Amino acid sequence: MPAISRRRLLGSGLALSVLGPLGLRAAPTIDADADWIPADDFLRELPRQMQALGVPGIAIAVVEDGGLAWSRGFGLAHAGRGMPVGDDTVWEAASLSKPMFAYAVLQLVDRGVLALDAPLMGYARPAYLGKSPWLAQITVRDVLRHSTGLPDWRKDPANEPLEPAVAPGMRIDYSGEAFVWLQLAVERLTGESLDKTMRRLLFDPAGMHGSSYAWDAGLAARSVYGHRLADDGGIAVPPQMLRDAWEAAMPVAERIGKPLSAWRYADAERAMPEAQAVARPGLVSWPSDILANAAASLRCTVQDYARFMALMVHSDPQPWELKPTTREAMLRRQIDVPGRWTEKGLGWNLEATARGPVFYHSGSNGGIFKTFALGDARRRRALVAMTNAANGNVLYRRVVRAATGLDLLAFDL
C-alpha cells in the first residue's frame, strides 16, 4: 500500500501544530498524590508529537480511586482512509492479552477448576510437545510468571516440537507458547472456546462489551490498522498479520456456520489448510495463527482495558472477582532471580519506584501495534495507552512520564 503523507494527518484537523523537533525529556516532577489524568497542556501538544513520530492514533484511559475516571482518543484509526479514533474504536492489545487471561485463569484456580502448582501436562498434552523430561515439571504458576523455559514463539512450528531450554523455575523466559498451552488446558477443562470462557468469567460481569479475543465483521469495522514510517518519510499501512489471518479464516467460519469466537483448537486445526490456500505465504503456519490466542489476540476499547485495570486496584471486589489474596498474589514477586531490575508476578511485571511498587505490561504485535498498561495498587490508580504504529512505544512512554511523573526502567532496558 502506498505511503500516506504526514501532511495529510495535519490536514485531517486532528493534528494541531507543525512538525517540530522532539528532544529527550526527563519525567516531570508530579506530586505522588496527584491524579494520572494528563494535563491539558500536554494533551494540546500530543497531536504534534503523534505527527512527528508517525503515530496516527492513540487512546488513553485513566483509573482513579479504583474506577474509570477519564478516557480520550486522538487521531486516526486508518491514516489513509481518514477514519477517526472514537470511543468505540477497538485496539489490538497485543501482549496486554496475557494479564487479562491470567486473571481468568486465577478465577478458575479460586473455583477449584485449576491448581496453580499442578503440572500443566496433567491438564493438556498437545501433540506438538517435544520429549524433554522438563515438560512434565512445568506448572500453571510457571506459565503465569514466565519461568517455563519455553521460547516466546517457535520459528517453524509445523516442524519444530515445543521444548524448554532449561528446567522450569530456573530463569525468566518470556513465552507466548506457554500461554497458548495453558489456553488449551483451560479449553479442555471448561469445554468452551477461549472467547466464551473470557466472556463468561470476565467480559460480561465487568461490563467489557467491546472486548474479544476473536474476530467478526463488527470488530473488523471498528478495529484500528497498524502503521509504520515509510522510506519516503510518509506513513504506510503494512500487512496486518492477525487481521489478515482472521480474514483468511472467515470464509471457513461462514461455510461451517461456526463463528471464530466459538472455535477451539480442533476447529482451527481442521480449518488451517483452507485458510492457508487463500492467505499470503507464511501467514498461516499453525492452528493458533487463526485461533483466538490468549497471548496476543485480545481486541478491546481502551475503556474496557481500564475497566480490567480497575479490578486490579479497587477495594470493593464483587463475589465473581478474584479473591483478595489471589489478586494480591498477582502483584507479588513469584520467583527469585538474582540481579533482576524488574520482578515477575502472576501475569504482570513489577517494578520498584521512588513512590512504591507499580505493576505493568507492554504489548507489540507485528511491530505496528504498541500498547502499555501501568497500575499502582496502593493508590488505586492505573493508566492504559494503546497506539497503532511502530513508534507507538516512544509515544506511550512520553504519555506515562507526563501523566505519572514516573520514568520506568522498563522504558530503557
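## Exercises on a predicted model

By the ring-pairing rule, the count in this predicted model comes to 12 aromatic pairs. Let's start with one of them and work outwards.

### Exercise 1: a pair of rings

Work out which class of geometry the rings of tyrosine 103 and phenylalanine 308 have.

**Solution.**
- Step 1. A pair of aromatic rings is described by the distance of the centres and the angle of the planes.
- Step 2. For tyrosine 103 and phenylalanine 308, the ring centres lie 5.7 Å apart and the planes meet at 85°.
- Step 3. Planes over 60 degrees apart count as edge-to-face, so this pair is edge-to-face.
- Step 4. Now place the two residues: tyrosine 103 sits in helix α3 and phenylalanine 308 in helix α10. They are 205 residues apart, and the pair links distant parts of the chain.

### Exercise 2: the helices that carry those rings

Describe how α3 and α10 are arranged, and say what kinds of residue make their contact.

**Solution.**
- Step 1. Two packed helices are described by the angle between their axes and the distance between the axes.
- Step 2. Helix α3 spans residues 97-110 and helix α10 spans residues 302-313; their axes come within 11 Å and cross at roughly 50°.
- Step 3. The two helices are therefore oblique to each other, and α3 passes α10 in a left-handed crossing.
- Step 4. On the α3 side the contact involves Pro99, Met100 and Tyr103, which meet Tyr305, Phe308, Leu311 and Met312 of α10.
- Step 5. Sorted by class, the contact of α3 with α10 has 7 nonpolar residues, no polar and no charged ones.

### Exercise 3: α2 between a sheet and a helix

Find the strands that α2 touches, then its orientation relative to α12.

**Solution.**
- Step 1. Begin with the sheet: an open one of 8 strands, with antiparallel pairing and the order β3-β2-β1-β12-β11-β10-β9-β8.
- Step 2. Its edge strands, each paired on one side only, are β3 (83-84) and β8 (343-344).
- Step 3. Strand β2 (residues 67-78) runs antiparallel to β3 and is joined to it by 2 bridges. In one of these strands, β3, proline 84 is the bridge partner of leucine 76.
- Step 4. Helix α2 (residues 40-53) packs on this sheet, touching β1 (57-64) and β2, and its direction makes about 35° with that of β2.
- Step 5. Turn to helix α12 (residues 392-404): the axes of α2 and α12 come within 10 Å and cross at roughly 160°. That makes α2 roughly antiparallel to α12, because angles over 145 degrees fall in that class.
- Step 6. Their crossing is right-handed. From α2 come Phe42, Leu46, Gln49, Met50 and Leu53, and from α12 Val394, Leu395, Arg398, Val399 and Ala402.
- Step 7. The contact of α2 with α12 divides into 8 nonpolar, 1 polar and 1 charged.

### Exercise 4: one more helix pair

Decide how α8 lies relative to α9, and which residues meet there.

**Solution.**
- Step 1. The axes of helix α8 (residues 242-256) and helix α9 (residues 265-278) come within 8 Å and cross at roughly 130°.
- Step 2. That makes α8 oblique to α9, and the crossing of α8 and α9 is right-handed.
- Step 3. Ala248, Ala249, Val252 and Arg255 of α8 meet Ala271, Glu274, Ala275 and Val278 of α9.
- Step 4. By class, this contact of α8 with α9 has 6 nonpolar, no polar and 2 charged residues.

Notes: Residues numbered from 1 in each chain as written. Predicted model: local features only at pLDDT ≥ 70, side-chain atom pairs only at ≥ 80, totals over all residues. Heavy atoms only, no water. Axes fitted to C-alpha atoms, helices over the stretch in contact; angles between N-to-C directions. Helix = DSSP H or I, 4+ residues; strand = E, 2+ residues; numbered from the N terminus. Parallel < 35°, antiparallel > 145°, perpendicular 65-115°, else oblique. Left-handed = near helix turned anticlockwise from the far one by under 90°. Contact = heavy atoms within 4.5 Å. Nonpolar A, V, L, I, M, F, W, Y, C, P; charged D, E, K, R; others polar. Pairing = 2+ DSSP bridges. Phe/Tyr/Trp six-rings, centres within 6.5 Å; stacked < 30°, edge-to-face > 60°.
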